[in-house]
Amino acid sequence: MSPAILNTIEVILNGLMAGVMYSLVALGFVLIFKASGIFNYAQGVFALFAALTLVGFQTGQIPFAHVINVVLGTEYHHWGEGLNNFIAIVLTMLVMVGLAWLVERLVLRHLVNQEQIILFMATIGLAFFMEGLGDLMWGANIKVLDIGIPSGGSFWWEDVTKTWAPAESDYYGMYIDVLDVWAAVVAIILVIALTLFSQFTKTGRALRAVADDHQAALTVGISLRTIWVIVWSIAGFVALVAGIMWGAKSGVQFSLSLIALKALPVLILGGFTSIPGAIIGGLIIGVGEKLFEYGIGPLIGGATENWFAYVLALFFLMFRPQGLFGDKIIERV
Amino acid sequence: MDVTAGEKVLNSAVNQSRQFDEELLAVKNISLSFGGVKALTDISFDIRKGEIRAIIGPNGAGKSSMLNVINGFYHPQEGEVWFDGKKRGSLKPYEIAHQGIARTFQNIALFKGMSTLDNMMTGRITKMKSGLLAHVLWKGKAEREEIEHRERVEEIIDFLEIQSIRKTPVGKLPYGLQKRVELGRALAAESKLLLLDEPMAGMNLEEKEDMCRFILDVNDQFGTTIALIEHDMGVVMDIADRVVVLDYGRNIGDGTPDEIRNNQRVIDAYLGVSHD
């Protein structure tokens, strides 16, 4: 194969990997949107908060240390060596479940039957609140998240792909970050697990029932509030996974919350109500923006990755507003 | 076949007056209004164990509102609901479902993306003992429970003769079958009281006859108490043990089909004598 083809393959592969990362965030949106019709703007912040909390537990940070020190004039920061990865992840998950419960209790419960835009505004408020809370609890500095996932380029893959090019070309092999491969594997497992859960368990069936028809769900004896807490907990779990992957990739920093914005075009492509749509939408955007940057970027001055996804989403809004897999929007006149 | 069961079918078919004494549900002096609009005014009647009770009345008489009060979608400003011998507090619809009241809707509220089987399994949620999360944690127990419920649901599927559409997403089914699946989902709950909101609306004659037969069979074989709203007078007079008539949110008649047929206020309401 010629180096040009190999380069294109490399671009596509890296696009797929980037797409998986987008999909991870988009998944959380879809789950909540399906079950409660709420576009949860705070999903990105959830990922950030989960990552912050995980690092906090891992490194033995004292929550609210800064506030405590200012008020009491003390100098506490850490309570010890920190917890091992597994316990830290379980504890973080518990925190996310508690958060879901609080969101239902303090926000959703009071906004039942309100306009969608009001619920959306509430999640924007929630996003800012959570960002502030994260800052206050764990501090604003950029943190390293290391739970032992290998990262860096794969030399093995570089060597293998090097042999595909003709010997006389000075092709140096493909670069693939091992972390991205792990993210892809985790995403696949996550989607399979979510699918099995929703198809084959009683709770999953109740979730689908609520997503389908609130009124009917109530009459068969399903408590919407319980379901909402479960859904937001699952979304919290997805946020945790996304937070771990993004945090391991680029450090736990507050700009992490902005990945919510990147999930938006993914959702418009895939449809707000489709889990497979979130995955495929993410992959299309990942591959699309990398290929566009590689092929056309140099002709128009580069940096196309910043806007390509949004323009693509705009075209979708014009021609297929329900997305590739979303429920067709039919309004009765 | 023992004689008594045969007799019972015959009785209900020819609408002999069967005797029911034990009260299952009673509404007492219910008044409900939305803003300034009065939907129900001072309504009282009871539903007795084992009977088929019809609620009739012209359009806008408050029949569906009455059903919504019974199943907890609406909370009346005045009046009491007594169920199973106890006064009922202000409960949510899903709590009322757990107490043993199932219902269907006038314009079908099924889980359209789910199969017939899944719809009916969801209908059994009140019968499933392990909590929502327990299902995730103890897989073995959950599986055993699932199988038990599945058997029960299959019986209902056989009963309603919908074996061939078990795996079909209900959104794809024709209207008449959707109505039948919705009945099936309500039956799956094995409730004490079954509320049917216009179970025969929009059906052709053959479908209506089928539905009548199912309702009578449910009442006879499972002993389920049924309250139904229906517009087809022929159907109501044939299958109901007792009828309550609403007009403009008021109770204007209550009694056996024969009594209702000869009730002057009811005749006036249906023939449109002017109200003063």
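Helices (H or I, at least four residues) and strands (E, at least two) here are runs assigned by DSSP, numbered from the N terminus. With that in hand, here are some close-ups of what is a predicted model.

**View 1. Chain B as a whole, with eleven helices and ten strands.**
Start with the big picture for this chain. Chain B has 276 residues, and 41% of them are buried. If you look at its contacts with a separation of 6 or more, 69% are between residues 24 or more positions apart.

**View 2. An open sheet of four strands in chain B.**
Read across the sheet and the order is β2-β1-β4-β5, with antiparallel pairing. The edges are held by β2 (37-48) and β5 (86-87) of chain B, and each of these pairs on one side only. As background, strands of a sheet pair through backbone hydrogen bonds, either parallel or antiparallel.

**View 3. Strands β1 and β4 of chain B, joined by five bridges.**
Here β1 (residues 23-34) and β4 (residues 78-83) of chain B run antiparallel. Which residue of β4(B) is the bridge partner of Val27(B)? That would be Val81(B). Right beside this pair in the sequence, Lys28(B) stands opposite Glu80(B) of β4(B).

**View 4. The hairpin of β4 and β5 in chain B.**
Two bridges link β4(B) to β5(B), and the strands run antiparallel. Across the hairpin, Phe83(B) stands opposite Lys86(B) in β5(B). Two residues sit between the strands, and Asp84(B) takes a positive phi near 55°.

**View 5. Helices α1 and α12 of chain A, packed with their axes 6 Å apart.**
Now over to chain A. Helix α1 (residues 3-36) and helix α12 (residues 275-295) of chain A pack at an angle of about 145°. The crossing of α1(A) with α12(A) is right-handed. As for what fills this contact, there are 17 nonpolar residues, along with seven polar and two charged ones.

**View 6. Helices α7 and α10 of chain A, with axes that come within 10 Å.**
Helix α7 (residues 178-200) of chain A and α10(A) cross at roughly 175°. Angles over 145 degrees count as roughly antiparallel, and therefore that is the label for α7(A) and α10(A). From α7(A), the contact takes in Leu179(A), Ala183(A), Val186(A) and Leu190(A). They meet Val238(A), Val241(A), Met245(A), Ala248(A) and Lys249(A) in α10(A). By class, this contact of α7(A) with α10(A) has eight nonpolar residues, no polar ones and one charged.

**View 7. Trp232(A), a residue of helix α10 in chain A.**
Is Trp232(A) buried or exposed? It has 29 other C-beta atoms within 10 Å, and 20 or more make a residue buried, so Trp232(A) is buried. Leaving out residues up to four places away in sequence, Trp232(A) touches Ile32(A), Ala100(A), Val103(A) and Glu104(A). For a sense of scale, Asn69(A) is 163 residues from Trp232(A) in sequence and 33 Å from it in space, C-alpha to C-alpha.

**View 8. Where chain A touches chain B.**
To finish, bring the two chains together: 19 residues of chain A are in contact with 25 residues of chain B. On the chain A side, α8 (202-212), α9 (214-219) and α10 (224-250) each supply at least two residues. The largest share comes from α8(A), with seven residues. Sorted by class, the chain A side has seven nonpolar, seven polar and five charged residues.

Methods: Residues numbered from 1 in each chain as written. Chains lettered and ligands numbered in written order. Predicted model: local features only at pLDDT ≥ 70, side-chain atom pairs only at ≥ 80, totals over all residues. Pairing = 2+ DSSP bridges. Axes fitted to C-alpha atoms, helices over the stretch in contact; angles between N-to-C directions. Left-handed = near helix turned anticlockwise from the far one by under 90°. Nonpolar A, V, L, I, M, F, W, Y, C, P; charged D, E, K, R; others polar. Contact = placed C-beta atoms within 7 Å. Parallel < 35°, antiparallel > 145°, perpendicular 65-115°, else oblique. Buried ≥ 20, exposed ≤ 12 C-beta atoms within 10 Å, placed from the backbone.
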